Amino acid sequence: MTDTARPATGPDRRADLGRPFRWLWASAAASNAGDGITRTLLPLLVVAHHPHPAAVAGLTTVNMLPWLLFALPAGVLVDRLDRRRIVLASNAVRAAALLAAAVALADHRPLAVLYALAFVLGIAETLADTAAPAMLPRLVDERQLERANGRLSAAQIVLNEMVGPPVAGLLVAVTAVAAVATGGTMYALAALLMLGLAPLPRTARPDVPPGTRGGVLRDIREGLRFVLGHRTLRLTLAASTLYGLVFSATFSMLVLLSAHALGLDGTGYGLLLAAGSVGAVAGSWLAPRAVGRLTALRLARWSLAASGAAYVALGLLRQPALAALALAANGVFMMGWNIPVMSLRQRLTPEPLQGRVMSVSRLCSWGSMPVGATLGGLLAEALSVPAVFVVCGAVLVAGALLLLAPLRGDTAAAGPSPHSDLLDKG
């Protein structure tokens, strides 16, 4: 018997992740570069031509709305259709939308066009970000899931958060049309790179009689029943939801903490964000190696608790250098939670349910963020901005220890991965 959270045998750190994974990674890197550019570009365009708080807030709402409306149906599509084609088509749609917007925005910046673009990009992101992780267990050996997820996370952080935003700022300074077109080019490249990944063999699904009513709702209920009926998945999902609330509550107040409590200007705030990103990149390298020494559940539990402690420290500190260290440490701990939990879900979920389990996870973690941001603002009004970090961090520590403590003794029979017979080494 072995802990459910630990692979049957330790991962070989020298093993090649394989050509199929390299194609997926290259495509994900290009799409993350596009994400980093467009997520910075669209708010800049709104502020430049429609400088009203409601207009800027509306853009964020429109962009996030697809996660609330389409996350669960997206999981059904990902489990019914070819996941490789979904990722390819989603990137192609994003490329076409941005290149069309570059033409539409050449002469003026109508708010309706920017909102429509944000909504289309959000729908495509919902599909791509559900299909890609659901595809991963078929591309790499089960023992290498942490390594593969770590490399994908590192690419996301570097290109989406560290490279994309400054590139977008530089391009906007030249011309907004060039910036929009560059984002579209990155998504087009991501789509082309997916062509290098050979089509995946179709998995067997229970036959559904033609004309069966309620098929999508039935599939959604099946996915929800699986997640809620599996104790490990259910409790880690609850912890992810709590983390989404805490992250959004604190991140929404970070700019105020930087200015008022730490006395930093805009450049200092940017350096704070960079410190968190550097820590997350380091964590994406450390987490897969830590799983070789700890079970994934133990690493995830203590990383989540340590992340809460880092938030508490951030609320108490008044020295910018120490605050930057706290944010960097939090980045490490965030990856110490995200990577093993993502790998755990992939490992425990049967192949026909991968998309729906990922969609439930994204719905809870992303869907909780608008709520968390609102709660952070209310808490700051009632207490203070630093108190948001102290209170939320303490809640996260307690939640991590209480929610995940019952999983300490979870066991399952050792055996091959449910995906091993589908592995495509290409």
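This tour proceeds through a predicted model of a protein chain, one selection at a time.

**The whole chain**

Begin with the entire chain displayed as a cartoon. Its secondary structure amounts to 13 helices and two strands. The chain has 426 residues, of which 50% count as buried. Among contacts between residues at least 6 apart in sequence, 88% join residues at least 24 apart.

**The annotated segments**

Next, colour the segments that carry an annotation. An unreviewed UniProt entry assigns the feature "transmembrane region" to residues 54-74, 112-136, 235-257, 269-287, 299-317, 323-342, 363-380 and 386-405. Two of these segments may be selected for closer inspection. Residues 299-317 are 95% helix and 0% strand, with the end C-alpha atoms 26 Å apart. Residues 363-380 are 100% helix and 0% strand, and there the end C-alpha atoms are likewise separated by 26 Å.

**Helix α1 and proline 43**

Select residues 19-49, which form helix α1, and find proline 43 within this helix. Is proline 43 buried or partly exposed? With a relative accessibility of 28%, proline 43 counts as partly exposed. Beyond residues up to four places away in sequence, proline 43 touches Thr38 and Leu59. Add alanine 118 to the view: this residue is 75 residues from proline 43 along the chain, and the two C-alpha atoms are separated by 10.0 Å.

**Helix α5 and two glycines**

Move to helix α5, residues 145-174, and pick out glycine 150. The same helix, α5, also holds glycine 164.

Glycine 150 is buried, at a relative accessible area of 3%. Which residues does glycine 150 touch, not counting those up to four places away in sequence? They are Ser284, Pro288 and Ile339. Serine 343 is a further residue to display here, since its C-alpha atom can be compared with that of glycine 150: they are 9.6 Å apart in space, while the residues are 193 apart in sequence.

Glycine 164 is buried as well, with a relative accessible area of 3%. Apart from residues up to four places away in sequence, glycine 164 touches Gly36, Ile37 and Leu159. Show threonine 38 too: its C-alpha atom lies 8.2 Å from that of glycine 164, although 126 residues separate the two in sequence.

**Helix α8 and threonine 241**

Now select threonine 241, in helix α8. A relative accessible area of 22% makes threonine 241 partly exposed. Setting aside residues up to four places away in sequence, threonine 241 touches Cys364 and Ser368. The C-alpha atoms of threonine 241 and cysteine 364 are separated by 5.3 Å, and the two residues are 123 apart along the chain.

**The largest nonpolar core**

Show side chains for the next stop. The largest nonpolar core contains 47 residues, and those with the most contacts inside it are Leu304, Leu314, Trp337 and Phe389. At least two residues of this core are supplied by each of α8 (231-261), α9 (266-291), α10, α11, α12 and α13 (385-404). Which helix provides the largest share of this core? That share, twelve residues, comes from α8.

Centre the view on leucine 304. Besides its neighbours within four places in sequence, leucine 304 is in contact with Ala239, Tyr243, Trp337, Leu396, Ala400 and Leu404.

**Serine 307 in helix α10**

Select serine 307, which lies in helix α10, residues 296-316. Serine 307 counts as buried because its relative accessibility is 0%. Its contacts, leaving aside neighbours within four places in sequence, are Tyr243, Asn330, Phe333 and Leu396. Tyr243 and Leu396 are also among the contacts of leucine 304.

**The pairing of α11 and α12**

For the final stop, select residues 320-348, helix α11, together with residues 354-382, helix α12. How do these two helices pack? Their angle is about 150°, and their axes are 9 Å apart. The crossing of α11 past α12 is right-handed. Display the residues that make this contact: Met342, Arg345 and Gln346 from α11, and Gln354, Met358, Ser361 and Arg362 from α12. By type, the contact comprises two nonpolar, three polar and two charged residues.

Technical notes: Residues are numbered from 1 along each chain as its sequence is written. This is a predicted model: local features need pLDDT of at least 70, side-chain atom pairs count only at pLDDT 80 or more; totals for chains, interfaces and linings use all residues. Side-chain values use heavy atoms; hydrogens and water are left out. UniProt positions are given in the numbering used here, feature names are shortened, and annotations may be inferred rather than shown by experiment. Helices (H or I, at least four residues) and strands (E, at least two) are DSSP runs, numbered from the N terminus. Axes are lines fitted to C-alpha atoms, for helices over the stretch in contact, and angles run from 0 to 180 degrees between N-to-C directions. A crossing is left-handed if the near helix is turned anticlockwise from the far one by less than a right angle, and right-handed if clockwise. Contact means heavy atoms within 4.5 Å. Ala, Val, Leu, Ile, Met, Phe, Trp, Tyr, Cys and Pro count as nonpolar, Asp, Glu, Lys and Arg as charged, and the others, Gly among them, as polar. Buried means under 20% relative accessible area, exposed over 50%, partly exposed in between (1.4 Å probe, protein chains only). A nonpolar core is a set of buried Ala, Val, Leu, Ile, Met, Phe, Trp, Tyr and Cys residues joined through side-chain atoms within 4.5 Å.
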